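Visitor: Please take me through one part of this model at close range. Start from a single residue and work outward to the charged pairs.

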Amino acid sequence: QGKFEQAEPLYYRSLAIKEQSMGQNHPRVANSLNNLASLHQAQGKFEQAEAEYKKSLAIRENVLGADHPQVASSLNNLAILYDVQGLYEKAGILHQKAIAIAEQALGKFHADTKRYEKNYHRFLAKKANPHE
C-alpha cells in the first residue's frame with residue numbers, strides 16, 4: 001500500500017523479537033533482515049538495504065550452507081538492488097550465482113530458478129539499453 005513509514009517500525013520490532021528469542025544468527029532473523037532490506041530498497045535507502053541484504057546473506061550462508069536455496073534468494077535480492085543502482089558488474093555476478101545454486105538445489109524447472117533467470121534476462125536487457 002506504500003505505507004513505508006508505518007511498516008518500518010513493525011519490521012524493526014519483528015527483527016528485534018526474533019533476534020532476542022532465536023539469536024542473531026537464526027534463519028528467521030535472516031528472513032526479517034531480508035524483508036527490512038526490501039522495504040529500504042523501495043524507499044530508495046540503498047545503503048541500508050545493501051547492509052541488511054548482506055547480513056541476511058551471511059546468516060544464511062553460515063547457518064544453512066553456501067548452496068542452500070535461501071542463499072540463492074539472498075543473492076538474487078542483492079543482485080536486483082545492484083541492478084537498480086546501475087552496478088552492473090556486481091549484479092551480473094550475483095544473478096549468475098543465484099541461478100547456479102537454484103539449479104543445483106531445486107532443479108532447472110523450479111519456479112524460483114525460473115524467476116532468477118527471468119530477473120537475469122531483465123538485467124541483461126537493461127544493461128544493454130540503460131536509458132530505456
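**A residue and its surroundings**

Guide: This is a predicted model. Begin at A91, which sits in helix α5, residues 88-106. Its relative accessible area is 0%, so A91 counts as buried. Leave aside residues up to four places away in sequence. A91 then touches A79, Y82, D83 and F123. Y120 is worth locating too. It lies 29 residues from A91 along the chain, yet the two C-alpha atoms are separated by 8.8 Å.

One of the contacts of A91 is D83. Follow that residue next. D83 forms a salt bridge with K126, and the closest N and O atoms are 3.8 Å apart. D83 belongs to helix α4 (residues 69-84) and K126 to helix α6 (residues 111-128), so this pair ties together parts 43 residues apart in sequence. How accessible are the two partners, D83 and K126? D83 has a relative accessible area of 10%, so it is buried. K126 has 31%, so it is partly exposed. The cut-off for buried is under 20%.

Now widen the view to the salt bridges in general. By the distance rule, the count comes to 7. Among them is the pair E8 and K45, with the closest N and O atoms 3.6 Å apart. This pair links distant parts of the chain, 37 residues apart. E8 is in helix α1, residues 4-22. K45 is in the loop between α2 (27-42) and α3 (46-64). E8 is buried, because its relative accessible area is 12%. K45 reaches 28%, so it is classed as partly exposed.

One more pair deserves a stop. The side chains of E117 and K108 meet in a salt bridge, at 3.8 Å from N to O. E117 has 12% relative accessibility and therefore counts as buried. K108 has 43%, so K108 counts as partly exposed. Which residues share a network of salt bridges with E117 and K108? They are E103 and K114, and the four residues are linked in that network.

Set the three pairs side by side:

- D83 is buried at 10%, and its partner K126 is partly exposed at 31%.
- E8 is buried at 12%, and its partner K45 is partly exposed at 28%.
- E117 is buried at 12%, and its partner K108 is partly exposed at 43%.

Return to the starting point. A91 is buried at 0%. D83 is among the residues that A91 touches, and D83 in turn forms the salt bridge with K126.

How values were computed
Residues numbered from 1 in each chain as written. Predicted model: local features only at pLDDT ≥ 70, side-chain atom pairs only at ≥ 80, totals over all residues. Heavy atoms only, no water. Helix = DSSP H or I, 4+ residues; strand = E, 2+ residues; numbered from the N terminus. Buried < 20%, exposed > 50% of the residue type's maximum accessible area, 1.4 Å probe, protein only. Contact = heavy atoms within 4.5 Å.
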